[in-house]
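Q: Could you take a close look with me at how one helix packs against its partners in this model? I would love a connected walk through the contacts and the core around them.

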Amino acid sequence: MVRTELAKKVVAEISRLLIGVVFIFSGIVKAIDPVGGAIKIGDYLMAFGFTWLSSFELLLTFCLSAAEFTLGVCMLLGVYRRYSSFFVLVFMLFMTPLTLYLALFNPVSDCGCFGDAIVLTNWETFFKNIVLLAAAAVAFIYNRYLCNFYTFKAYWFVTLFAYLFCIGFNYSNYSHLPIIDFRPFKVGADIPALVSIPDNAPADEYAYYFTYEKDGVKKEFSLENYPADDSTWTYVSSRSDLIKKGYVPPVPGFVLYDSASVDITDEVLRSKGPMFWLVIPSIEKADDKNIDAINNVFDFAQEQGYPFYCLTGSSRESMIDWENNTGSEYTFITTDDVLLKTMIRANPGLILINDGVIRAKWNPNDLPDEDYIKETMQNHLDGKSVNPKEDDGILFMLLSFTVPLLLVWIYDYFRNRRKRSDKQIES
């Protein structure tokens, strides 16, 4: 009997830890890149015909990531064990059939459950969800065996704090740039290397087959044995099968066009020295409230002789409207808007490049004041970043979340748990 109870507790605790870690990770990586999450939710809405909800894509990703993160925290810390395990089970009962549908019919290329941090195929996602569904069922059935790190009186604070923290973290990454850049165009990336195929890179390998006819009978031959010198065979058709995929650049299909629709990709990428890219995936949806800060950087680029291009996926009419509304005078370059959304999670966003290497990226909210532009840009070009380091931002985020929970745990322990233990001993 004791061994059975112990086995139940061990299995329940393993399930609790697995669910807690996966849900926290899933929620936090979505919160790191809420714009990417909104794009993925938009793919879902389009695939299932719910485009009327497209205006709520960002709100949905905020709420989804916060809900996942909160459930993960509650499971990991044993908060509201019965309710948390129930909601996790309901969540997995919904997601598992959904991911099976995705795996079978592939309406969306990947589920986006871990954002761009870890990209899984739809079948990998389904099998992952099978494991989580089993863990959720075990955790719910044996929820009374789960450890709790707080007393019931502190449950409300842990739950509310976790949810609000994740909402705030979402907003911070949306208003600025993601604290961690999981995409190819991160600071330090060599753009020509990302988009080009090396000279010695392996090419696609194909097997070729030819169908010939003789005396009313059709026969298929390979490249090695087809009847090239036998005139009694009549050629019918041919086909090719890809047997080995060649090298694919990290960013395929990178093409830049000037106003005359001429391909200027090589000209731009081979440009030496500093260069600015103002990235506006959609001019129609762009926020121009910080246009003065952008124009100040453009003026600085003009003074220094640095090229300044505006990359957009919008029409020529939209470019003219932008020029009229903002007084901008920079050169427009057109390219795929999906590619631009991958470059930087801002519309617009600014990128500083030097000899093809990305040196800095800004949301317009973070552009330096006019008096500090030259110093700021020079520091980036010299490799002296003036922005907080990525590691510092992660550490600050961790401390901002764990320290309040630790302080509440200390208070809860001495105010509630210890008093309850003392009363039990006295009785």
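A: Happy to. Let's start with handedness: in this predicted model, helix H3 and helix H4 cross in a left-handed sense. On the H3 side the contact is made by Leu64, Glu68, Leu71, Cys74 and Met75, and on the H4 side by Ser84, Ser85, Phe87, Val88 and Phe91. Sorted by class, the residues of this contact are 7 nonpolar, 2 polar and 1 charged.

Now for the geometry. Two packed helices are described by the angle between their axes and the distance between the axes. H3 covers residues 57–77 and H4 covers residues 81–105; their axes come within 9 Å and cross at roughly 135°. That angle makes H3 oblique to H4, because it falls in neither the 65 to 115 degree range nor the range over 145.

H3 has another partner, H6. Here the axes are 8 Å apart and the packing angle is about 140°, which means that H3 is oblique to H6. The crossing of H3 and H6, however, is right-handed. From H3, the residues that meet H6 are Leu58, Thr61, Phe62, Cys63, Ser65, Ala66, Ala67, Phe69, Thr70, Val73, Cys74 and Leu77. Facing them in H6 are Val158, Thr159, Ala162, Tyr163, Phe165, Cys166, Ile167, Asn170, Tyr171 and Tyr174. This contact has 17 nonpolar residues, 5 polar ones and no charged ones. Cys74 of H3 is named in the contact with H4 and again in the contact with H6.

These helices also feed a shared interior. The largest nonpolar core has 49 residues, and Ile19, Phe69, Val88, Tyr150 and Phe401 are those with the most contacts inside it. At least two residues of this core come from each of H1 (2–32), H3, H4, H5 (122–141), H6 (155–175) and H13 (390–426). H1 gives the largest share, 8 residues. Two of the residues with the most core contacts have already appeared: Phe69 in the contact of H3 with H6, and Val88 in that of H4 with H3.

Tyr150 deserves a look of its own. Beyond its neighbours within four places in sequence, Tyr150 is in contact with Leu77, Val79, Tyr155, Val158, Leu405, Leu406, Val408, Trp409, Asp412 and Arg417. Of these, Leu77 and Val158 also take part where H3 meets H6. Apart from this core lies another, of 27 residues, including Ile291, Phe298, Tyr330 and Ala360.

Notes:
Residues are numbered from 1 along each chain as its sequence is written. This is a predicted model: local features need pLDDT of at least 70, side-chain atom pairs count only at pLDDT 80 or more; totals for chains, interfaces and linings use all residues. Side-chain values use heavy atoms; hydrogens and water are left out. Axes are lines fitted to C-alpha atoms, for helices over the stretch in contact, and angles run from 0 to 180 degrees between N-to-C directions. Helices (H or I, at least four residues) and strands (E, at least two) are DSSP runs, numbered from the N terminus. Angles under 35 degrees count as roughly parallel, over 145 as roughly antiparallel, 65 to 115 as roughly perpendicular and the rest as oblique. A crossing is left-handed if the near helix is turned anticlockwise from the far one by less than a right angle, and right-handed if clockwise. Contact means heavy atoms within 4.5 Å. Ala, Val, Leu, Ile, Met, Phe, Trp, Tyr, Cys and Pro count as nonpolar, Asp, Glu, Lys and Arg as charged, and the others, Gly among them, as polar. A nonpolar core is a set of buried Ala, Val, Leu, Ile, Met, Phe, Trp, Tyr and Cys residues joined through side-chain atoms within 4.5 Å. Buried means under 20% relative accessible area, exposed over 50%, partly exposed in between (1.4 Å probe, protein chains only).
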